[in-house]
Amino acid sequence: MKIKWGVIGCGGIAYRRTIPGMMLSENSELVAVMDTNFEAAQKTKDEFGAKYAFSTVEEVLALDEIDAVYIATPVFCHKEQAMLAAKAKKHILLEKPMGLSVAESKEIADFCKAEGVKLGVGLMMRFSAYHQKMREMIQSGALGEIVSMRGQLTCWYPEIPGNWRQNKATSGGGALMDMGIHCIDLLQYISGTKAKTVSCFAQNQTFGYSADDSAALLMKMDNGATAFVDANFNIPDAAARARLEFYGTKGSILAEGTISQVETGTIALTLSDDSIGYDAQQNREIDGASNVEVVTGNMYEKEISSFANAILNDTEPEIPAEDGLFVQTIVEQAYLASEDGIYKNI
Ligand SMILES: NC(=O)c1ccc[n+]([C@@H]2O[C@H](COP(=O)([O-])OP(=O)(O)OC[C@H]3O[C@@H](n4cnc5c(N)ncnc54)[C@H](O)[C@@H]3O)[C@@H](O)[C@H]2O)c1
């Protein structure tokens with residue numbers, strides 16, 4: 001059996017990544033696409049062979065044959081559309097961040113629960129084979145106790161008049177909300193820890209828009225480790241490294257380029273024999289790290305198939321609303337910490 005999908009919002013991520021992923025999914029079928037820009041909906045219908053193209057959400061939701069919707073609209077549209085979909089008893093895969101604020105996201109989650117529909121969140125970076133591999137290695141104890149972590153995601157995002165993502169009122173936040181949220185989620189997911197306390201600098205250093213173009217977040221995790229997230233809209237794409245770093249009492253994992261919309265990058269693993277005592281001379285050579293190989297796939301296909309499975313088997317979505325709410329709480333507290341200079345408990 002296949003889950004029949006309606007897609008709400010046929011812009012960048014839906015057209016370029018998620019619908020192509022849906023096409024590869026064995027338990028999913030694209031039925032309807034919708035965009036307020038009807039040309040975008042029509043183009044998406046033609047490209048991917050959907051049955052219907054619409055310009056209103058109501059038309060999608062009126063289709064009895066649709067089981068689930070994927071919402072990939074600007075963040076300020078999420079709440080209204082998710083609540084309409086829940087009211088129409090459609091299961092919802094909602095792009096990150098879930099809403100403009102934690103309060104809004106919680107309203108969405110509570111409403112979906114009350115209406116008895118499943119709500120999953122588009123933190124699809126978790127499905128990358130590289131991230132799964134790092135999680136497996138770290139949670140099996142290969143690095144010993146994790147003591148320090150870093151996640152970095154950057155891009156070049158110059159001012160575009162009228163752009164929803166650059167306006168805090170329509171996006172909820174900039175570099176930290178849009179990209180840092182993936183890093184925070186991955187650090188927690190891969191290490192199996194959760195943030196307890198956060199501190200942050202979020203600012204506009206380069207561009208004149210209201211959403212932050214650069215942010216540095218410091219977290220204290222529940223196992224005592226510290227973690228750093230840096231997210232920037234003001235670093236050229238050619239200079240981007242997209243680093244994920246995990247350091248433990250027995251070694252490190254350094255990944256580069258894995259925080260990406262395609263499963264790519266490298267993972268370097270360094271393990272140290274913990275019988276070696278403290279070297280008072282600190283005459284160290286950096287050991288050659290070994291590269292870790294993985295079998296890659298398409299994380300959007302895995303994201304869609306996973307949510308469809310949750311519907312078919314009536315199980316909790318792999319990335320449930322609670323996880324989306326938790327990372328958004330960290331981001332929101334980080335912005336507050338940046339404003340008043342005081343660290344915040346989560
Ligand atoms: N998980 C990821 O890899 C990833 C990557 C990029 C974006 N996103 C998220 O996906 C969402 C969309 O981002 P994007 O980059 O695709 O944005 P985008 O601006 O490229 O596309 C948004 C689309 O929504 C349409 N739209 C605007 N208002 C609408 C409405 N009221 N109803 C229906 N359609 C409407 C626009 O015409 C446009 O086609 C955001 O929540 C963003 O954070 C996730």
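Hi everyone. Let me begin with a convention: angles between helix axes count as roughly parallel under 35 degrees, roughly antiparallel over 145, roughly perpendicular from 65 to 115, and oblique for the rest. Keep that in mind as we look at this structure, which is a predicted model.

So, how do helix 6 and helix 8 pack? Helix 6, residues 129-139, meets helix 8, residues 175-191, at an angle of about 40°, and their axes are 7 Å apart. The pair is therefore oblique. On the helix 6 side, the contact uses H131, M134, R135 and I138, while helix 8 brings L186, Y189, I190 and S191. Sorted by class, that contact has 5 nonpolar, 2 polar and 1 charged residues.

Now let's zoom out to the domains. The assignment gives domain 1 as 3-124 + 300-319 and domain 2 as 126-297 + 328-345. Their C-alpha centres lie 27 Å apart. Domain 1 puts 17 residues into the contact and domain 2 puts in 15. On the domain 1 side, helix 4, helix 5 and helix 9 each supply at least two residues, with helix 9 giving the most, 3 residues. By class, that side of domain 1 has 10 nonpolar, 2 polar and 5 charged residues.

Last stop, the core. The largest nonpolar core has 98 residues, and W5, V7, V69, I92 and A334 have the most contacts inside it. Helix 8 is back here, with the largest share, 11 residues. Both domains give residues to this core, so it lies between them. And if you'd like one residue to click on, try V69: beyond its neighbours within four places in sequence, its contacts include W5, I8, V60 and I92. Thanks, everyone!

Methods
Residues are numbered from 1 along each chain as its sequence is written. This is a predicted model: local features need pLDDT of at least 70, side-chain atom pairs count only at pLDDT 80 or more; totals for chains, interfaces and linings use all residues. Axes are lines fitted to C-alpha atoms, for helices over the stretch in contact, and angles run from 0 to 180 degrees between N-to-C directions. Helices (H or I, at least four residues) and strands (E, at least two) are DSSP runs, numbered from the N terminus. Two residues are in contact if their C-beta atoms, placed from the backbone, lie within 7 Å. Ala, Val, Leu, Ile, Met, Phe, Trp, Tyr, Cys and Pro count as nonpolar, Asp, Glu, Lys and Arg as charged, and the others, Gly among them, as polar. A nonpolar core is a set of buried Ala, Val, Leu, Ile, Met, Phe, Trp, Tyr and Cys residues joined through C-beta atoms within 7 Å. A residue is buried if 20 or more other C-beta atoms lie within 10 Å of its own, exposed if 12 or fewer, and partly exposed in between; C-beta atoms are placed from the backbone. Domain bounds come from an automatic or database domain assignment.
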